[in-house]
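Reader: Could you walk me through this model, one question at a time? I would like to see the reasoning behind each value as well as the value itself.

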Amino acid sequence: MYRFCRTAQPRSGRGADATKLATEVAAYATAKYAPLVMQAYTEMFGQLWRLHWYIDFPDLAAFEKFNDQLGKDEGYWAILRKLPDVYVDGSVHDTLIRLL
């Protein structure tokens, strides 16, 4: 199993907007790409409002397929274009981990 994680830090004063956007992205991806489930989280300690998205994949091929489809998904990009400046520049980080 593989787990993809994206993190992003909202700009000062934009935490509530970013949280709404994060949940909208997760709901959209879950509905469109079922049975995959994307979940959105926020940190309780550490960086205030920092957001995390997680999605699990059964294998690397499933991740690659999802990644290719999402990159071309106009519905996904339309959601992100609603708030183009909500995240701190350079704060979006992606990680792919493998279950041991």
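**Salt bridges and their surroundings**

Author: Happy to! Let's start with Lys 32, which counts as partly exposed at 47% relative accessibility. Please keep in mind that this is a predicted model.

Reader: Thanks! Which residue does the side chain of Lys 32 meet in a salt bridge?

Author: Lys 32 belongs to helix α1, and the partner sits 41 residues apart in the loop between α2 and α3. The distance from N to O is 3.4 Å, which is within the 4 Å allowed for a salt bridge. The partner is Asp 73.

Reader: Is Asp 73 buried or exposed?

Author: The relative accessible area of Asp 73 is 3%. Buried means under 20%, so a value of 3% makes Asp 73 buried.

Reader: Which side chain makes a polar contact with that of Asp 73 at 2.6 Å?

Author: Leaving aside neighbours within four places in sequence, Asp 73 is in contact with Tyr 28, Lys 32 and Tyr 33. Lys 32 is its salt-bridge partner. The polar contact at 2.6 Å is made with the side chain of Tyr 33.

Reader: How many salt bridges does the structure hold?

Author: The bridge between Lys 32 and Asp 73 is one example, and the one between Arg 3 and Asp 56 is another, at 2.6 Å from N to O. That second pair links strand β1 to strand β3 across 53 residues. The number of salt bridges in the structure is nine.

Reader: And are Arg 3 and Asp 56 buried or partly exposed?

Author: Arg 3 has a relative accessible area of 33%, while Asp 56 has 29%. The class between buried and exposed runs from 20% to 50%. Both values therefore fall into one class, and Arg 3 and Asp 56 are partly exposed.

Reader: Which residues are joined into one network by salt bridges that share partners?

Author: One of the bridges involved is formed by the side chains of Asp 85 and Arg 14, at 3.2 Å from N to O. Asp 85 lies in the loop between α3 and β4 and Arg 14 in the loop between β1 and α1, so this pair ties together parts that are 71 residues apart in sequence. Asp 85 is partly exposed at 40%, whereas Arg 14 counts as buried at 19%. The network consists of Arg 14, Asp 17 and Asp 85.

**The sheet and its helices**

Reader: What is the order of the strands in the open sheet?

Author: The sheet has four strands with antiparallel pairing. Its edge strands are β2 (38–42) and β4 (93–98), each pairing on one side only. The order is β2-β3-β1-β4.

Reader: Which residue in β4 stands opposite Phe 4?

Author: Strand β1 covers residues 2–8, a range that includes Phe 4, and six bridges join β1 to β4 in an antiparallel arrangement. The residue opposite Phe 4 is Leu 96.

Reader: At about what angle does helix α2 run to β3?

Author: Helix α2 spans residues 60–71 and lies across β1, β2, β3 and β4. Angles here run from 0 to 180 degrees between N-to-C directions. For α2 and β3 the angle is about 125°.

**Backbone and rings**

Reader: Which peptide bond is cis, with omega near 20°?

Author: Most peptide bonds are trans, which is why a cis bond is worth pointing out. Pro 35 is found in the loop between α1 and β2. The cis bond runs from Ala 34 to Pro 35.

Reader: Which residue has a positive phi although it is not a glycine?

Author: Most residues other than glycine have a negative phi. The residue in question sits in the loop between β2 and β3 and counts as partly exposed at 37% relative accessibility. Its phi is about 75°, and the residue is Trp 49.

Reader: Which residues do ring pairs link into a cluster?

Author: The structure holds seven aromatic pairs. The rings of Phe 57 and Phe 66 have centres 5.4 Å apart and planes at 50°, so that pair is tilted. Phe 57 is buried at 1%, and Phe 66 is buried at 4%. The cluster is made up of Phe 4, Tyr 33, Phe 57, Phe 63 and Phe 66.

Methods: Residues are numbered from 1 along each chain as its sequence is written. This is a predicted model: local features need pLDDT of at least 70, side-chain atom pairs count only at pLDDT 80 or more; totals for chains, interfaces and linings use all residues. Side-chain values use heavy atoms; hydrogens and water are left out. Two strands pair if DSSP finds at least two bridges between them. Helices (H or I, at least four residues) and strands (E, at least two) are DSSP runs, numbered from the N terminus. Contact means heavy atoms within 4.5 Å. Buried means under 20% relative accessible area, exposed over 50%, partly exposed in between (1.4 Å probe, protein chains only). A polar contact is a pair of N or O atoms within 3.5 Å; within protein, one must be able to donate a hydrogen and the other to accept it, and residues adjacent in sequence count only if both atoms are side-chain atoms. Rings of Phe, Tyr and Trp (its six-membered ring) pair if their centres lie within 6.5 Å; planes under 30 degrees apart count as stacked, over 60 as edge-to-face and the rest as tilted.
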